[in-house]
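Student: I've got the sequence and the model up on my screen. Can we go through what the labels on it actually rest on?

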Amino acid sequence: MPEHLYPVRPHPSRPHRTLQDAANDGMLLDIRCNRCHRQVAYLALDLLKVCGPSHPLHVPPFGCGKCGSTEFVRLRTRIPSPEEYGRLAIRRPVKQVWKWRVGVLGE
Ligand SMILES: [Zn+2]
């Protein structure tokens, strides 16, 4: 979803929840692409390392991994049920890969 559709400022009595809040609560993030219908679950704790603790929870952290769309990606947070432990497939980070390019000094 384009970022301009999200509220820019939170209501004074209800600040935006962040990834850090979700990680503290042990939440899962279900990220679904409504264009290609790919749905992936992430642990909020894992996304802390990728997006940072202050990332707002209502904004999807990245686009769809299958079709590349950011416009149709929706995010839902939830606490995993006890039955899901040991059964639910989630995406976990394996290693960080750095990509390098040649740039100009002062760029
Ligand atoms: Zn997609």
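Student: Let's start with His37: what makes it buried or exposed?

Tutor: Remember first that this model is predicted. His37 has 11 other C-beta atoms within 10 Å. The label "exposed" needs 12 or fewer, so His37 counts as exposed.

Student: Where is His37 found?

Tutor: His37 sits in the loop between S1 and S2. That hairpin has 5 residues between its strands. His37 also takes a positive phi, about 65 degrees, although it is not a glycine.

Student: And Ala22, why is that one called buried?

Tutor: Same kind of count. Ala22 has 23 other C-beta atoms within 10 Å, and the cut-off for buried is 20 or more, so Ala22 is buried. Ala22 lies in helix H1.

Student: Which residues does Ala22 touch, leaving out those up to four places away in sequence?

Tutor: Arg17, Met27, Leu29, Ala44, Leu57 and Thr77. A contact here means C-beta atoms within 7 Å. There's also a pair you can check by C-alpha distance: Ala22 and Leu48 are 26 residues apart along the chain, and their C-alpha atoms are separated by 9.6 Å.

Student: How do you know that S1 and S2 pair?

Tutor: Count the bridges. Pairing takes at least two, and S1 (residues 28-33) and S2 have 5, in the antiparallel sense, so they pair. You can pick out partners too: Asp30 is bridged to Ala41 in S2, and Leu29 has Tyr42 in S2 as its bridge partner.

Student: What order do the strands take in the sheet?

Tutor: The order is S2-S1-S3, in an open sheet of 3 strands with antiparallel pairing.

Student: What makes a strand an edge strand here, and which ones are they?

Tutor: Pairing on one side only. That describes S2 (39-43) and S3 (73-78). On average, neighbouring strands of this sheet are turned by 25 degrees against each other, direction ignored.

Student: Which helix packs on the sheet?

Tutor: Helix H2, residues 44-51, which touches S1 and S2. The direction of H2 makes about 85 degrees with that of S2.

Student: What makes up the largest nonpolar core?

Tutor: It has 11 residues in all: Leu19, Ala22, Met27, Leu28, Leu29, Ile31, Cys33, Ala44, Leu47, Cys64 and Val73. To belong to such a core, a residue of a listed nonpolar type has to be buried and joined to the set through C-beta atoms within 7 Å.

Student: Which elements each supply at least two residues of this core?

Tutor: Helix H1 (19-24), S1 and H2. S1 gives the largest share, 4 residues. Try Leu47 from the list: leaving out residues up to four places away in sequence, Leu47 touches Leu19, Leu29, Tyr42 and Pro61.

Student: Zooming out, how many helices and strands does the protein have?

Tutor: There are 2 helices and 3 strands, running α-β-β-α-β from the N terminus on.

Student: And how many of the residues count as buried?

Tutor: 11% of the 107 residues. Among contacts between residues at least 6 apart in sequence, 70% join residues at least 24 apart. For overall dimensions, the C-alpha atoms fill a box of roughly 55 × 40 × 30 Å along the principal axes.

Conventions: Residues numbered from 1 in each chain as written. Predicted model: local features only at pLDDT ≥ 70, side-chain atom pairs only at ≥ 80, totals over all residues. Axes fitted to C-alpha atoms, helices over the stretch in contact; angles between N-to-C directions. Contact = placed C-beta atoms within 7 Å.
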